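Reader: Hello! Could you pick one part of this structure and take me through it closely, then show me how the rest fits around it? I would love one connected account.

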Amino acid sequence: MKPTVSVIKADVGGCPGHVKVHPKTIERAKEHMEEAKNSGLLIDYYVTNCGDDLELIMTHKKGVDSEEIHNLAWNTFKDCTELAKKMKLYAAGQDLLKDAFSGNIRGMGPGIAEMEFTERPGEPLLIFMMDKTEPGAFNLPIFKTFADPFNTAGLVIDPSVNSGFIFEIWDIKEHKMVKMSAPEEIYDILALIGAKERYVIKRVYPRAKLPEDEPVAVISTEKLSFIAGKYVGKDDPVAIVRAQSGLPAIGEVIEPYSFPFLVSGWMRGSHNGPIMPVSQRYAQCTRFDGPPRVLCLGFQLAEGKLVGPVDMFDDPVYDNVRVESAKVADYMRKHGPFEPHRLPLEDMEYTTLPKVLEKIKGRFKTTKK
Ligand code: F6R
Ligand code: MG
Ligand code: MG
């Protein structure tokens with residue numbers, strides 16, 4: 001059994017503003033998914049939201065980059081946009097950057113994480129969804145999970161995990177990628193992925209036990225701003241991570257989120273702020289349009305069927321992380337428009353800031369050397 005898990009997401013309109021997906025939009029998306037399941041195209045699905053992003057979690061046998069599956073997602077987003085327009089939801093169709101579908105949803109606005117793999121006798125699956133941040137936000141937690149022995153005990157004490165992992169890292173500006181091995185190359189890996197605006201972990205592959213060409217983690221890497229050439233909302237990434245039996249355990253995959261690390265995004269996609277791990281109930285962005293949130297749903301896969309979910313951060317053990325995140329949010333906010341709360345200029349080039357600078361350009365006079 002080789003199922004494909006596809007998580008495809010888009011912001012098709014928020015309520016109010018960029019806070020949250022409307023329940024009617026979710027209902028409409030479910031109708032499309034149900035129809036596709038009844039027709040045999042999908043094995044199973046789960047529809048949810050993280051903030052203003054509509055998240056389609058789909059399983060099927062069509063492989064990655066399937067035209068049929070991408071078309072289904074596109075049509076679902078299109079129809080949900082129509083509904084959003086009728087309801088006058090905010091920024092209806094925000095992430096649908098092209099008018100017509102041409103076989104593959106990549107580069108059209110929605111974010112995609114997909115993987116096809118041999119389903120093991122027990123196949124635990126974690127789906128991570130972030131709002132008000134960007135793909136590089138997954139660099140730190142994914143690195144810790146698959147390469148940091150202080151996070152993942154299995155790297156030290158389980159021989160089926162400690163042969164390490166291969167990281168596929170994308171340069172999202174130059175459209176290049178490199179595969180690097182952990183643990184041998186962890187310093188060089190960090191040299192790249194610490195620059196998370198540019199170098200983004202796309203996939204992780206196992207080195208032992210499991211088929212080497214089947215990823216164990218995949219992250220969406222679409223950068224809306226690079227596609228659109230201007231700011232059209234943050235990229236709000238998703239990730240799929242497999243766990244257990246030769247891979248990091250569930251608890252090792254979610255352990256990095258016990259630290260509210262700083263990510264870029266937040267208000268107007270232009271600020272650094274702490275990630276906050278939240279339950280489905282709090283997967284909505286309020287304060288200063290944030291702070292950036294991460295939601296995680298856990299499933300068991302059964303012949304491609306999604307058994308679950310468990311709302312992984314719906315647990316008091318994360319309360320202190322949320323408190324710390326709120327404290328860091330306070331601290332960062334006190335900087336107002338100053339860096340490093342506000343992003344550095346080069347990260348603002350696709351926002352509305354260049355228009356402000358343009359306005360005063362003519363008033364600059366040359367200074368003496
Ligand atoms: C960030 C985000 C929001 C908006 C902000 C301004 O990803 O979506 O913070 O950037 O609310 O939105 P507009 O320009 O639509 O008024
Ligand atoms: Mg939005
Ligand atoms: Mg969003």
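**A close look at the magnesium site**

Author: Happily! The protein has nine helices and 15 strands, and what you see is a predicted model. Let us start with the overall frame and then go to the metals.

The C-alpha atoms fill a box of roughly 70 × 50 × 40 Å along the principal axes. A compact globule of 369 residues would have a radius of gyration near 21 Å, and the 20 Å of this protein agrees with that. Of the 369 residues, 55% count as buried. Among contacts between residues at least 6 apart in sequence, 68% join residues at least 24 apart, and the metal site gives good examples of such long links.

Take the magnesium ion (ligand 2) to begin with. Its protein donors are Asp11 (OD), His18 (ND1), Asp52 (OD) and Gln94 (OE1), at 1.9 to 2.8 Å from the ion. Along the chain these donors follow the spacing D-x6-H-x33-D-x41-Q. His18 and Gln94 link distant parts of the chain: His18 sits in the loop between strand 1 (4–10) and helix 1 (23–38), while Gln94 is in the loop between helix 2 (67–86) and strand 4 (111–116), 76 residues apart. Gln94 counts as buried because its relative accessible area of 16% is under the 20% cut-off. His18, at 27%, counts as partly exposed.

Now follow Asp52, which bridges the magnesium ion (ligand 2) and the magnesium ion (ligand 3), 4.9 Å apart. For the magnesium ion (ligand 3), the protein donors are Asp52 (OD), Asp53 (OD), Asp131 (OD) and Asp236 (OD), which lie 2.0 to 2.5 Å from the ion. Their spacing in sequence is D-D-x77-D-x104-D. Here too, a pair of donors links distant parts of the chain: Asp131 belongs to strand 5 (residues 123–131) and Asp236 to the loop between helix 6 (224–228) and strand 10 (238–242), 105 residues apart. Asp131 is buried, with a relative accessible area of 0%, and Asp236 counts as buried at 3%.

Strand 5 and strand 10 also meet through a salt bridge. The side chains of Arg242 and Glu123 come together at 2.9 Å, N to O. Since Arg242 lies in strand 10 and Glu123 in strand 5, this pair ties together parts that are 119 residues apart in sequence. Both Arg242 and Glu123 are buried.

That bridge is one of 23 salt bridges. Another joins Arg207 and Glu184 at 2.7 Å, N to O; Arg207 is in the loop between strand 8 (199–206) and strand 9 (217–219), and Glu184 in the loop between strand 7 (176–182) and helix 5 (186–193), 23 residues apart. Arg207 counts as partly exposed, at 27% relative accessibility, whereas Glu184 counts as exposed, at 55%. Salt bridges that share partners also join Arg28, Glu31 and Asp79 into one network.

To finish, look at the outside. The protein exposes about 16400 Å², and carbon and sulfur atoms supply 54% of that area. Leu345, Leu357, Ile360 and Phe364 make a nonpolar surface patch of about 400 Å². Within this patch, Phe364 has its place in the segment after helix 9 (353–360), and Phe364 counts as exposed because its 66% relative accessibility is over the 50% cut-off.

Conventions: Residues numbered from 1 in each chain as written. Chains lettered and ligands numbered in written order. Predicted model: local features only at pLDDT ≥ 70, side-chain atom pairs only at ≥ 80, totals over all residues. Heavy atoms only, no water. Donors = N, O, S within 2.8 Å, 3.2 Å for Na, K, Ca; no water. Helix = DSSP H or I, 4+ residues; strand = E, 2+ residues; numbered from the N terminus. Buried < 20%, exposed > 50% of the residue type's maximum accessible area, 1.4 Å probe, protein only. Patch = residues over 30% accessible without salt bridge, like charges linked within 9 Å, V, L, I, M, F, W, Y side chains within 5 Å. Areas by Shrake-Rupley, 256 points an atom, 1.4 Å probe, with all protein chains shown as cover. Salt bridge = Lys/Arg side-chain N within 4 Å of Asp/Glu carboxyl O. Rg over C-alpha atoms; globule rule 2.2 N^0.38 Å. Contact = heavy atoms within 4.5 Å.
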